[in-house]
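Welcome! The exercises below walk you through one protein chain step by step. Take a look at it first, then try each task before reading its solution.

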Amino acid sequence: MTTRSRRPKSSRFRDEPLHIEHIDPEKTAIIVTKDVLPPIIPIFPVEDRPFFPKMKAPLIVTKAAHRRIFESLVKSSETYLGLVLTHSDIDRATAGPDVRQLYKVGTVGKIVEVKTVHEGESLVVLMQMYERFTTIDILSEEPTIRARVEYWYEGAMEVNNELKAYSISVINCIKELIQMKPMFREELNLLMNQLRVNDPGPLTDFAAFLTTASGAELQDILETRSIRTRIEKVLVLLKKEQEVSKLQLKINKRIEERLSAQQREFFLREQLKEIRKELGITKDDKESEIDRLRERLKPLVLSEEAQERIDEELNKLSLLEPSSPEFNVTRAYLDWLTILPWGKYSRDRFNLPRAAKILDRDHYGLSDVKDRILEFVAVGSFKGDLSGSILLLVGPPGVGKTSIGKAIAASIGRKFYRFSLGGMRDEAEIKGHRRTYIGALPGKFINAVKTCKTANPVIMLDEIDKIGASFRGDPASALLEVLDPEQNREFLDHYLDVRFDLSRILFVCTANQVETIPSALLDRMEVIRLSGYILEEKLQIAQRHLIPRQLKRHGLSRRQIKLPDPVVHEIIDGYSREAGVRGLENNIRKIIRKSAKRMVEKNLRSVHVGLHDLFDFLGPRLFDDEMRLKTPRVGVVTGLAYTSMGGSTLYIEAAKTPAEKGGFRQTGQLGAVMVESSEIAFTYVQSISAGLPAIEDFFRRFSIHLHVPAGATPKDGPSAGITMACAIYSLVHDRPIQEGIAMTGELTLSGLVMPIGGVKEKLLAARRSKLSHIIFPAENKKDFDQLESYVTRDITASFVSTFEDVLNICFPT
């Protein structure tokens, strides 16, 4: 805004009070005459509001160009200046004094005083206004607009009764405005004393200037010659101003009431509660929250303890104020208590054919595991529920443990919830945090029940063999209460502090090995082993499940990318010999991505993956048949191992080095148990060679070095005893063992062969390595006989009780 006149209520210069003075025509008649006012005057454009005659008012100048105009006027001793309003539709930020934008009618005034404010950025010019004028002709525009003007001299006029009545109405309206605007009451009263009914012209101008009307409305008043018409227009503006002032007073009163209401808030709120309660109109937030919580309780079957606790907490909540911190804590606690599915159970479906169909749909093979699950479902059909059942699925990664758990939930029609225990070190994850802690929450099991919205879901505890312990507690010990059928009927979560029945939940746990599971926890579980898949099973799983799933995820179809059985067979045999199918799925994913890239680059509609493409897609074979011993060598024997990753084969090598006193050492990052087994094997071979001079001389002249390859992999366990003994025997007697033989079994100092674990896993590893003759301890024959025929097909199994039996098989005479 460049220049503007100021109304009394909005003075910016608090250090100098704003004065608007009325000029008494009788006192100024000697000064204001036709001879004094010049016919040619400089014109200055004003914005927002016009100036009215017979008043003294400040003019604020902010633009640099306008400041220069006043500086030049002061230097030239020109004191009279015409102030003319500009139209409101111009761009005031950029527009200069354009004569085309000026109204024709303005007011002439005299420069009384010029002050510099705001460090020279603005001027305050005090103007004494005299008469209206009409612009006759523009004489110049630069640097200052100069115009020839014609003045409207308003002489003394005869005031009739009508004009007097109009004047009285104007004065009364101004008095009412003074009452509504007490801030300027003293100054306005002083001006009112100078205004008279017999002089309606100045009275009308003064009244118009008091209003907050727009510039165009005030300009209309300025341009009206007829006093009667002018005073009528001013009365309309005053009535509008009265309405605005009344509305302003109402708004101020409302704001004051709101401010005072904060001091009376408590009393008013209490009164409002009583009034609403009597009328039954509505409820406050707290009552609505309590009603919402009570509504949740209607379909629930609460225990007596839970009912008492909830009633107690609801009464406590009703006494607390919503602004209290305890209110939010209590509400959150009640929210958990009421959202749990007390007494709500999903209906079990003990339909054996349906369960078998779901298991076959989602999994290929694993017939022994499926039989165990179907037996489990069959028992539930007689018992009516599956309470007290805790299954432990043990197997290497990628054999389908988690998906089996989902299939169990789907087969009996229950909700499924899974969370991992791997790396869990805080007991509060199981039993919750006590409510005294900030941000306390219930444990995983209560959260699982809340999420499933039933009290009998299937909860899978993944990686239970990798649970940890720390200074925060032992989660494995906390699980004892959860997984014990005799204790979980009254499971007490630290947050709830109310017993909740977990006995109807079916717990399914998964692990890669049972050795790291605490024995007290393992006793509570029914173990089901998933040993892994043979090549034929992997082939079917790939064609039925893995390839369709990956094609769907990549937005492709079988018609676009074709993977025939020979190619999948080669992928399994050459790139994915692990017990599970996770590596196989990763290789299939990689082939599909590279095939999609080939389709885009070569603009192909489909890709038929052949054996010759595998090298480009997957690189060289990871498992080559050349790695298997095709020609038996002295001192090298193939053994079978069982790890958390499934079964595997390993070669045990023995070599001799000249020594003065003989000796024996082992390498290959062997564990303590395996080192002991190697020493037992060495001692036993020495003992059976007593009386043979050549052999005794060998032990005196040579040191034997026993090595188990893959030295970066830690190895332990007693089941390689007969393998290490065979390697030492082969080296000492300089005889290789028969081709295609692998073995496993623990050896004692007396030459007995003790049973081992992981029969199926080791047998599968032998099949993957294309070994046809396996030596097992005699006591493991019962485990071998229980295996499926497709696992033992094309395998010759020999069962031995002593090491002599092993020698008869490996070194026939």
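Is Arg 292 buried, partly exposed or exposed? With a relative accessible area of 34%, Arg 292 is partly exposed; the scale used here calls a residue buried under 20% relative accessible area, exposed over 50% and partly exposed in between, with a 1.4 Å probe and protein chains only.

Before going on, a word about the model: it is predicted, so local features need pLDDT of at least 70 and side-chain atom pairs count only at pLDDT 80 or more, while totals for chains, interfaces and linings use all residues. Residues are numbered from 1 along each chain as its sequence is written, and side-chain values use heavy atoms, with hydrogens and water left out.

**Exercise 1. Get an overview of the chain.**

Step 1: Start with the secondary structure. The protein chain has 29 helices and 26 strands; these are DSSP runs numbered from the N terminus, with helices (H or I) of at least four residues and strands (E) of at least two.

Step 2: Turn to burial. Of its 813 residues, 48% count as buried.

Step 3: Look at the surface. The accessible surface comes to about 40,800 Å², and 51% of that belongs to carbon and sulfur atoms. Such areas come from the Shrake-Rupley method with a 1.4 Å probe, and for residues only the protein chains shown count as cover.

Step 4: Consider the contacts (heavy atoms within 4.5 Å). Among those with a separation of 6 or more, 75% are between residues 24 or more positions apart.

**Exercise 2. Find the partner of Arg 292 and describe the pair.**

Step 1: Identify the partner. Arg 292 forms a salt bridge with Glu 289, and their closest N and O atoms are 2.3 Å apart. A salt bridge here is a side-chain nitrogen of Lys or Arg within 4 Å of a carboxyl oxygen of Asp or Glu.

Step 2: Place the pair. Both belong to helix H9 (residues 285–297); because they are three residues apart there, about one helical turn separates them.

Step 3: Check the burial of the partner. Glu 289 counts as buried, at 14% relative accessibility.

**Exercise 3. Compare two further salt bridges out of the 32 found in the whole structure.**

Step 1: Take Lys 431 and Glu 481, whose side chains meet at 2.7 Å, N to O. This pair links distant parts of the chain, with Lys 431 in helix H15 (residues 428–431) and Glu 481 in helix H17 (residues 475–483), 50 residues apart. Both residues are buried.

Step 2: Take Asp 785 and Lys 781, where the closest N and O atoms are 3.2 Å apart. Both lie in helix H27, four residues apart, or about one turn of the helix. Asp 785 is partly exposed at 49%, and Lys 781 is partly exposed at 39%.

**Exercise 4. Which side chain of opposite charge is nearest to Glu 313?**

Step 1: Locate the residue. Glu 313 lies in helix H10.

Step 2: Search for the charge. Lys and Arg count as positive and Asp and Glu as negative, with His and the chain ends not counted. The nearest opposite charge is on Lys 316, 4.3 Å away, and Glu 313 has no salt bridge although it is buried.

Step 3: List the contacts. Apart from neighbours within four places in sequence, Glu 313 touches Thr 330, Tyr 333 and Leu 334.

**Exercise 5. Describe the surroundings of Asn 780.**

Step 1: Place the residue. Asn 780 sits in the loop between strand E25 (773–777) and helix H27 (781–785).

Step 2: Judge its burial. A relative accessible area of 2% makes Asn 780 buried.

Step 3: Name its contacts. Beyond neighbours within four places in sequence, Asn 780 is in contact with Pro 755, Ile 756, Val 759 and Phe 799. Ile 756 is 24 residues away along the chain, yet the C-alpha atoms of Asn 780 and Ile 756 are separated by 7.2 Å.

**Exercise 6. Examine two loop residues with positive phi.**

Step 1: Begin with Lys 453, a residue other than glycine whose phi is near 65°. Lys 453 is in the loop between helix H16 (444–452) and strand E11 (458–462), and it counts as exposed at 57% relative accessibility.

Step 2: Continue with Glu 463, which is not a glycine either and has a positive phi of about 55°. Glu 463 lies in the loop between E11 and H17 and counts as partly exposed at 25% relative accessibility.
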